[in-house]
Amino acid sequence: MVHIKRLQEEGADIIVIIGEIDASSSIELDLAIAKSVGDGYRKILVDCNGLEYISSAGLGVFMSYIEELKDKKVYLVLFGLKERVLNTFSILGLADLLNIRETKSDAKKLADELSV
Amino acid sequence: MFKTKALTRLTSMGALIFWVVLAFSDITVLFADIKSLPSDVPQWLPQVMLDLFIISLFYYYKFKIERDESLNFTDLLWKVFATGLIATVISLAVRLLLFLLGSTPLPTNILFIDLVYQINLGLFINFLLAAYTSWKRLILYQKSKWLIRAWLAFELLLFCILVYDSIHIVVSSTLSNTAILLVSALGLILSFNMRWVAYLNFKQKWTSLLLLLLSIFYLVYFLYSVTILSDTVSQQSTAFIDFQSHVFSIALLAFVITYITFSFLVVLFNLPTSSVFEQKLEEVVSFQRISQSIQTEQNEESVYNILLESSVSAVFADAAWLEMKATDSEQKLYTHKISAQESKDIRAHLEKNKIKGALDQSSDKTKNLSRHLGSLKNSRFRSLLAFPIKVKEETIGTLALLKELPEGFNKEMTRIVSAFANQAGISIENFRLMEEAFQNARYKEELKIAKTVQQSLLPTKLETNLDFEISAFSASADEVGGDYYDTLRINEHEVALIIADVSGKGTTAAFHMSQMKGIFHSLAQQGPSPKDFMTKANKALVYCLERGSFISATYFVINTQTKKVHYSRAGHCPVLYHQAAKDQSVFLKDKGTALGMVRSLDYSNFVENQEIDYQPGDVMVLYTDGITEAKNGKGEEFGGERLAAALQDSAQKSSKEIEENLIKRLYEFSGTEDINDDYTSMTVKFQ
């Protein structure tokens, strides 16, 4: 079960994930990112403070956006990942492909720098 | 069946014989009376014969009409009419004979007149009994305990009267009067049972009216002729017993006339309402069609069409449309006698005027919407009625009915269409549930196939060498995953190993797994470096894997000549390596991104070549995340530490024993045989 919220802050779209992302709930994550991109945000921050677990399908969602976001010059930054979750990202080598920061302010800073 | 037929024949024969005896005994009695001679036959004989004749006929019709289940209402009336017709034709034929005889002395002969009278009386009573039996069936069409008792009492009373008639003893006039009064009252009460009329349709009512009218005509004709004849005979003889003194016949006649008159009037006055009954019946049929449309393997579309048709015919609408949500943004429109453009105009008009309520069922909505229609120019419609169609509390569409008349819909119509709409909603919901069940069954079947494919892709035999031994274990969950492991001998000194986990589940996972197997078997035999292997595999897979799918893998080449393990990790779980010399187990965490993730960039920057010098006694455990992520009842994961501890305990043993220990620990930890993900492990023990 997962609960996904979207809030806007200083021109950035923040996607807050609370719960676990598995094969079925990954669809919701996909939808949230797609909507955010569709709304034309260029800075998307993903708040993973409440993310307890992510399966390969959930990782696949992030992965599937890498190319598209690059083409559209949209910058996606994840922050607040729990150790377990971060471990999953790094084992798969996704940590090298995605922008990951520890705190929200760091993430915001990175997004601001990238989007200049 | 045979018995009934025999009984009908027997009773009809009996009736005929009794009538013949009746006629001749009566003539004999009459003859003796006129000539003042002592009669050869007793005076009571004709009366008894008449009674027997009546009883025989009563049973004849009981078998012929009452027991015949195939007769419907008009058939019953037809039977009465037909009996009347035959009787009248015979009677008229006799009359014609009399007329032809003209001035010969025979027509004036009292005995001959008596014969004619007896013929007419027999026919009349026959007709009355046929009518009586038919009426009985009509009255008892909708039985109740009370009604059956009343009828029994009525029949019993009639029988008593019949017996009383024949014994010819006047007990007391009060008693006989009371009996007559009681019979009349009962007959009258019974005559009010006219429920069958409601079941006739318009055409049947007209037929019934005609049949009843003709039957009344026959009754009047017979009453007239029998009365005239009996008057003629009784003027000349005192021994003659007039039928008018036969109380039973009079009671029977009265009952038949009462009921036939009532029936005629009731049918006549029900004529204007018959269309309402037919309408109601049609509604029931429509209702049934909507609810049954699902069982007959029809699709949602046919439910919509039936709903549209039934609603239009139920409320006599001039046009209608049905708007269904097809997807989130799309609408599907079904129309009846209205163009899509016209309906669009009306909807746009309603929207423009901000008219809400087209979707909720308030009672005064008809009026509201109709009023707003008035302001729409060029529209021929003046009344609009809208209903939501709901599935699981969610509105999936709207049914709109239109009329050219203002105020064209009444409350009754609103109710029936609302019921249709609800039923359609239920039907659609059922249909969707059934579809879902089918889908599930199909999905399960698909999984079965995927599982077979997956199992067949795993090797049955693993490469071995004097330097090392390999054991592998794989258990899959109900939901098929995509765990893959394999070995391949490159040359005398080198053996390639792979362990991989395909993202996703089901058929797709099995399909990707087979691709991975193909890549492994074709690339590995060329003996590339592990990094090269990964780069080439990635290149091949990028074109096969859809967006969001990837494969994590680790590829090993064990060289027994140089005593080295070359490997490259592409996003797969880190290798657990036990060094016998130091007696410690560590995870080899090194850089590497899963296959299929990097598409545009140079993948060779995301994987590395690694190597290990192996010593005898070293152990290498390869596994998939199903093992480390296995959970116990408390929701804790098995994790790397428990895995390492399991290896540490049994590192000195053979690869098979190490593996068995690991699996044992894993199942002990999870506490269940049911696994959520695939467990796959490959243990390499160096010697």
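This report describes the chains, the helix packing and selected residues of a predicted two-chain model.

In this predicted model, local features need pLDDT of at least 70 and side-chain atom pairs count only at pLDDT 80 or more, while totals for chains, interfaces and linings use all residues. Residues are numbered from 1 along each chain as its sequence is written, and chains are lettered from A and ligands numbered from 1 in the order in which they are written.

**Chains and their contact**

Helices (H or I, at least four residues) and strands (E, at least two) are DSSP runs, numbered from the N terminus. On that basis chain A holds four helices and five strands, in the sequential pattern β-β-α-β-α-β-α-β-α. Chain B contains 18 helices and 14 strands.

A residue is termed buried if 20 or more other C-beta atoms lie within 10 Å of its own, exposed if 12 or fewer, and partly exposed in between, with C-beta atoms placed from the backbone. Buried residues constitute 43% of the 116 residues in chain A; in chain B, 38% of the 687 residues count as buried.

Two residues are in contact if their C-beta atoms, placed from the backbone, lie within 7 Å. Among contacts with a separation of 6 or more in chain A, 70% join residues 24 or more positions apart. The corresponding share in chain B is 72%.

Between the chains, 20 residues of chain B are in contact with 14 residues of chain A. The chain B side of this contact comprises seven nonpolar, nine polar and four charged residues. In this classification Ala, Val, Leu, Ile, Met, Phe, Trp, Tyr, Cys and Pro count as nonpolar, Asp, Glu, Lys and Arg as charged, and the others, Gly among them, as polar.

**Helix α3 of chain A**

Helix α3(A) spans residues 83-92, and its residues Val85(A), Thr88(A), Phe89(A), Ile91(A) and Leu92(A) are buried. These residues lie on the same side of α3(A), because they cover an arc of only 165 degrees around the axis; the arc is that of the directions from the helix axis to the C-beta atoms. Their cover includes β3 (43-54), α2 (56-72) and β5 (99-101) of chain A, together with β8 (551-559) of chain B. Just after α3(A), Gly93(A) adopts a positive phi of about 80 degrees.

**Helix packing in chain B**

Axes are lines fitted to C-alpha atoms, for helices over the stretch in contact, and angles run from 0 to 180 degrees between N-to-C directions. Angles under 35 degrees count as roughly parallel, over 145 as roughly antiparallel, 65 to 115 as roughly perpendicular and the rest as oblique. A crossing is left-handed if the near helix is turned anticlockwise from the far one by less than a right angle, and right-handed if clockwise.

| Helix pair | Angle | Axis separation |
|---|---|---|
| α13(B) (411-457) and α14(B) (506-524) | about 20 degrees | 8 Å |
| α17(B) and α18(B) (655-670) | about 140 degrees | 9 Å |

Helices α17(B) and α18(B) are therefore oblique to each other, and their crossing is right-handed. Arg642(B), Ala646(B), Leu647(B), Asp649(B) and Ser650(B) of α17(B) make this contact with Glu657(B), Ile658(B), Asn661(B), Leu662(B), Arg665(B) and Phe669(B) of α18(B). By class, five of the residues in the contact of α17(B) with α18(B) are nonpolar, two polar and four charged.

Helices α13(B) and α14(B), by contrast, are roughly parallel to each other, and α13(B) passes α14(B) in a left-handed crossing. From α13(B), Glu446(B), Leu447(B), Ala450(B), Val453(B), Gln454(B) and Leu457(B) meet Gly506(B), Thr507(B), Ala510(B), Met513(B), Ser514(B) and Lys517(B) of α14(B). The contact of α13(B) with α14(B) has six nonpolar, four polar and two charged residues.

**Individual residues of chain B**

Gly640(B) belongs to helix α17(B), residues 639-650. Gly640(B) counts as partly exposed because it has 18 C-beta neighbours inside 10 Å. Not counting residues up to four places away in sequence, Gly640(B) touches Phe587(B) and Thr628(B). Leu576(B) is 64 residues from Gly640(B) in sequence, with a C-alpha to C-alpha distance of 8.7 Å.

Lys337(B), although not a glycine, has a positive phi of about 55 degrees. Lys337(B) is located in the loop between β2 (331-336) and α11 (340-352) of chain B and counts as exposed, with 12 C-beta neighbours inside 10 Å. Asp583(B), also not a glycine, has a positive phi of about 50 degrees. The loop between β10 (575-579) and β11 (584-588) of chain B contains Asp583(B), which counts as exposed with 11 C-beta neighbours inside 10 Å.
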